[in-house]
Amino acid sequence: AVVSTQSTGRKRMNSNPSHGPFHFRAPSKILWRTIRGMIPHKTQRGMEALNRLKVFEGIPAPYDKTKRMVIPSALRVLRLKPGRRYASVGRISREVGWKYGDIVDKLETKRKEKSAAYFEAKKKLNALKAKAEAGA
């Protein structure tokens, strides 16, 4: 996948490179472009669907408080045979030239520390509530 991406990454329109084709390097934009290929994006319905799609690197502020959902049928453990090779979009992006992976990793570790502290406080509060209910 990386070899094919490297060969297409340099190809632009000779006369005016701003006319495309555009080869995105950020993982969110790669995912956005992949999903765009699965949608009839030239119709009104497809454009509206694509406008509703939101993609981010990491988990930004308003969404870090919401409950995460998992699609079981899409889990790598269930979809791939053991021993099969796989690639993460983040790793491919870094190999292609995305420069912000370290910054996103740093922000994600900060978010996870905050989340862990919040969860510990919540567990203590729930334990106190259970104790109060048992005493009453």
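What follows is a walk through the fold, the surface and a handful of individual residues of this predicted model.

Starting with the overall picture, the protein chain is helices and nothing else as far as regular elements go: six helices and zero strands. Read from start to end, the pattern is simply α-α-α-α-α-α. The chain does not pack up the way a compact globule would. For 136 residues such a globule would have a radius of gyration near 14 Å, whereas the protein chain comes in at 21 Å. The C-alpha trace tells a matching story in its extents, spanning about 80 × 40 × 35 Å along the principal axes. Burial is down at 11% of the 136 residues. As for contacts between residues at least 6 apart in sequence, 44% of them join residues at least 24 apart.

On the surface side, the accessible area of the protein chain adds up to about 11,700 Å², and carbon and sulfur atoms account for 59% of that. The charge count is 32 positive and 10 negative, and the mean positions of the two sets sit 8 Å apart.

Now for the loop between helix H1 (2-9) and helix H2 (27-37), which is where Arg-12 is found. Arg-12 counts as partly exposed because its relative accessibility is 38%, which falls between the 20% and 50% cut-offs. Setting aside residues up to four places away in sequence, Arg-12 touches Pro-17, Ser-18, Gly-20, Pro-21, Phe-22 and His-23. Two of these partners, Gly-20 and Pro-21, are joined by a cis peptide bond with omega near 5°. In general, most peptide bonds are trans. Pro-21 itself belongs to the loop between H1 and H2. Looking further afield, Arg-12 and Ala-130 are 118 residues apart in sequence, and their C-alpha atoms are 63 Å apart in space.

Helix H2 holds another arginine, Arg-33. Arg-33 is partly exposed, given a relative accessible area of 34%. Apart from neighbours within four places in sequence, Arg-33 is in contact with Phe-22 and Phe-24; Phe-22 also appears among the contacts of Arg-12. A long span shows up here too: 101 residues separate Arg-33 from Ala-134 along the chain, with 54 Å between their C-alpha atoms.

Helix H5 (residues 89-96) is a short story about sidedness. Its buried residues are Ile-92, Ser-93 and Val-96. These three lie on the same side of H5, because the arc they cover around the axis is only 100°. Right after H5 comes Gly-97, with a positive phi of about 130°. For residues other than glycine, phi is mostly negative.

That leaves helix H6 (residues 101-135), home to Arg-111 and also to Glu-108. Both are charged residues by the counting used here, so how do they fare for cover? Arg-111 is buried because its relative accessible area is 13%, and Glu-108 is buried too, at 16%; the cut-off for burial is under 20%. Leaving out residues up to four places away in sequence, Arg-111 touches Ile-59, Asp-64 and Arg-68. With the neighbours within four places likewise left aside, Glu-108 is in contact with Gly-58 and Ile-59. Ile-59 therefore turns up in both contact lists, since heavy atoms within 4.5 Å are what make a contact.

Methods: Residues are numbered from 1 along each chain as its sequence is written. This is a predicted model: local features need pLDDT of at least 70, side-chain atom pairs count only at pLDDT 80 or more; totals for chains, interfaces and linings use all residues. Side-chain values use heavy atoms; hydrogens and water are left out. Helices (H or I, at least four residues) and strands (E, at least two) are DSSP runs, numbered from the N terminus. The radius of gyration is taken over C-alpha atoms; the globule rule is 2.2 Å times the number of residues to the power 0.38. Buried means under 20% relative accessible area, exposed over 50%, partly exposed in between (1.4 Å probe, protein chains only). Accessible areas come from the Shrake-Rupley method with a 1.4 Å probe; for residues, only the protein chains shown count as cover. Lys and Arg count as positive and Asp and Glu as negative; His and the chain ends are not counted. The place of a charge is taken as NZ of Lys, CZ of Arg, CG of Asp or CD of Glu. The arc is that of the directions from the helix axis to the C-beta atoms.
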